[in-house]
Amino acid sequence: MSGIGPPEPGEGTRARDDRHPEAASPAGRGRPSPAAWYARHRRIVIALAAAAVLLGGGGYLYASRPQQPPPHPPRGPAQAPYPAQVVDVTYLDARTPPPGAPPRSFGFAVLVSVASGPPVTVTRVGQPYAGLALTTEPPAPLRIRAHTARKITITMHVTECEKAPTDAGLPFLDVTLRNTRAIQTQSFIPGPRYAQDLSHALEVACSNRTR
């Protein structure tokens with residue numbers, strides 16, 4: 001059967017209303033506005049902002065704190081000076097040998113000083129000539145503190161004139177030193193007066209004259 005006029009909608013068909021477009025969107029699918037999102041998460045936003053302020057303030061205080069100088073390392077044996085670096089031997093004068101000294105003996109006095117560092121112990125005083133023997137008073141070992149000096153009297157006697165020098169041009173003393181850093185044997189040249197006095201004493205001791 002035919003007729004003239006608009007077709008009628010089928011069963012279950014709904015007309016679209018363009019005047020309310022939001023009605024076409026399912027409920028709960030729309031994006032909320034910033035104001036609504038802030039109202040819903042206001043406590044979280046405030047807590048995060050407060051944490052950021054605290055972290056920023058703490059970092060500034062840590063960076064601007066007064067810097068403490070590094071502590072000085074303890075001064076142990078490795079930092080102490082070598083004993084030969086702080087010890088000096090100075091010649092004083094010739095001395096009469098002590099009573100009971102063997103024949104052909106003579107004496108000298110020297111001053112041993114320590115400039116700095118830990119105490120230094122003089123463990124031995126020697127000389128290079130084979131024909132001479134040597135003793136000291138006070139006897140070694142002798143401990144000397146920093147910034148102090150001790151006088152040592154050296155007594156030598158000739159054991160063999162053939163092995164003793166006829167003219168001691170540049171004589172020296174071998175001194176063994178010990179501190180917390182090291183043990184060293186150092187050769188000290190007491191100077192020209194010591195050379196003259198030693199040469200004269202050797203000449204007298206090995207001549208036919210008696211002292």
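This is a short conversation about a predicted model and the terms used to describe it.

Mentor: Welcome! Residues are numbered from 1 along each chain as its sequence is written. In this predicted model, local features need pLDDT of at least 70 and side-chain atom pairs count only at pLDDT 80 or more, while totals for chains, interfaces and linings use all residues, and side-chain values use heavy atoms, with hydrogens and water left out.

Trainee: Why is Thr-176 called buried or exposed, whichever applies?

Mentor: Buried means under 20% relative accessible area, exposed over 50%, and partly exposed in between (1.4 Å probe, protein chains only). Thr-176 has 12% relative accessibility, so Thr-176 counts as buried.

Trainee: And what makes Arg-104 partly exposed?

Mentor: Its relative accessibility is 35%, so Arg-104 falls in the class between the two cut-offs. His-147, with a relative accessible area of 68%, is exposed.

Trainee: How do you know that a polar contact joins the side chains of Thr-176 and Thr-185?

Mentor: A polar contact is a pair of N or O atoms within 3.5 Å; within protein, one must be able to donate a hydrogen and the other to accept it, and residues adjacent in sequence count only if both atoms are side-chain atoms. The one between Thr-176 and Thr-185 is 3.1 Å, so the distance fits the definition.

Trainee: Why do we say that β3 and β7 pair?

Mentor: Strands are DSSP runs (E, at least two residues), numbered from the N terminus, and two strands pair if DSSP finds at least two bridges between them. Strands β3 and β7 have five bridges, in the antiparallel sense, so they pair.

Technical notes. Helices (H or I, at least four residues) and strands (E, at least two) are DSSP runs, numbered from the N terminus.
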